[in-house]
Amino acid sequence: HMLRGVWPKAFPDDERLSRPLFDLLGVRYCLSTEPLRHAGRERVLTPRPAAPFHVYQRDGALPRAFLVPSLRVLPDEDAVIAAMIEPGLQPRAAVLVIPEQATALRAHHGEPGAEQRAVVVTKDTPTELELEVAAGAPGFLVVSDALMRGWTATIDGQSVPITRGNLFMRVLPIG
């Protein structure tokens, strides 16, 4: 599609490029052959290629794994999709879930807290992801990888369920 010129037209240079959905998806850089006003902070390439090429850094992009304090329960997946594209989306504040997902997550969860807790990737292989989560109030660990069958999780050696949240991401309750 890029060769036919379809891709550049998919993201017009307007306020949609600065929506929080891109932060939730972890989009840190936008690349363009045209200057953009809404893509982020322009970074300088050294040396510049012969053809104009622009690199923009989005400072709000979330890491692959992060902790949020609460759930935002919506009636169905259509409502989750609508919430994800809202300009007012707050991906650092809540995981978007449907009622069944909220029930599963709350069954294994303490009282949520508002403080931020650091999440550090300590091992990342094709078959294993190991994270270290700083101590603090309970919350929900969001891993932005797609939830697929066969994934398992343990916290301090204890098996815990993985639930889908934010439409496709892996979410675990952290006590």
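Here's a quick rundown of how this chain is put together, from overall make-up to sheets, crossover and cores. Keep in mind that the model is predicted. The protein chain has four helices and 13 strands, and buried residues account for 35% of its 175 residues. A 22-residue nonpolar core is the largest one here, and another core of eight residues lies apart from it.

**Overall make-up**

- The chain exposes about 10,700 Å², with carbon and sulfur atoms supplying 57% of that area.
- If you take the contacts between residues at least 6 apart in sequence, 59% of them join residues at least 24 apart.

**The three-strand sheet**

- This one is an open sheet with antiparallel pairing, and its strands run in the order β1-β3-β2.
- β1 (29-32) and β2 (41-43) are the edge strands, each pairing on one side only.
- From one strand to the next, the twist averages 35 degrees.
- Three bridges hold the antiparallel pairing of β2 with β3 (residues 54-57), and R43 sits opposite V55 of β3.

**The four-strand sheet**

- Here the order is β4-β9-β13-β12, again in an open sheet with antiparallel pairing.
- β4 (65-68) and β12 (163-165) each have a single partner strand, so one side of each has no neighbour in the sheet.
- Ignoring direction, neighbouring strands in this sheet are turned by 40 degrees against each other on average.
- β4 pairs with β9 (residues 139-146) in the antiparallel sense over four bridges, and A65 has V143 as its bridge partner in β9.
- Helix α4 (residues 99-106) lies across β9, β12 and β13 (169-174), and α4 runs at about 130 degrees to β12.

**The parallel pair and its crossover**

- β5 (residues 70-73) and β6 pair in the parallel sense, with four bridges between them.
- R72 stands opposite L96 in that pairing.
- To get from β5 to β6, the chain passes through helix α3 (residues 77-84), making a right-handed β-α-β crossover.
- Strand β6 (residues 94-97) is covered on both faces: A94 and L96 are buried on one side, while V95 and V97 are buried on the other.

**The nonpolar cores**

- In the 22-residue core, the residues that touch the most other members are L24, L71, V95, L96, F140 and V142.
- Seven elements, namely α2 (20-24), β4, α3, β6, α4, β9 and β13, each put at least two residues into this core.
- The biggest giver is α3, with four residues.
- The other core, of eight residues, lies apart from the 22-residue one and includes A65, L141, V143 and V160.
- A65 and V143, both in that eight-residue core, are also the bridge partners linking β4 and β9.

**L96 up close**

- Which residues does L96 touch, not counting those up to four places away in sequence? They are R72, L74, V80, A83, M84, L89, G165, N166 and L167.
- One of these contacts, R72, is the residue that stands opposite L96 in the β5 and β6 pairing.
- L96 is buried on its face of β6, and L96 is also among the residues touching the most other members of the largest core.

Methods:
Residues are numbered from 1 along each chain as its sequence is written. This is a predicted model: local features need pLDDT of at least 70, side-chain atom pairs count only at pLDDT 80 or more; totals for chains, interfaces and linings use all residues. Side-chain values use heavy atoms; hydrogens and water are left out. Two strands pair if DSSP finds at least two bridges between them. Axes are lines fitted to C-alpha atoms, for helices over the stretch in contact, and angles run from 0 to 180 degrees between N-to-C directions. Buried means under 20% relative accessible area, exposed over 50%, partly exposed in between (1.4 Å probe, protein chains only). A crossover is right-handed if, with the strands pointing away from the viewer, the path from the first strand over the helix to the second runs clockwise. Contact means heavy atoms within 4.5 Å. Accessible areas come from the Shrake-Rupley method with a 1.4 Å probe; for residues, only the protein chains shown count as cover. A nonpolar core is a set of buried Ala, Val, Leu, Ile, Met, Phe, Trp, Tyr and Cys residues joined through side-chain atoms within 4.5 Å.
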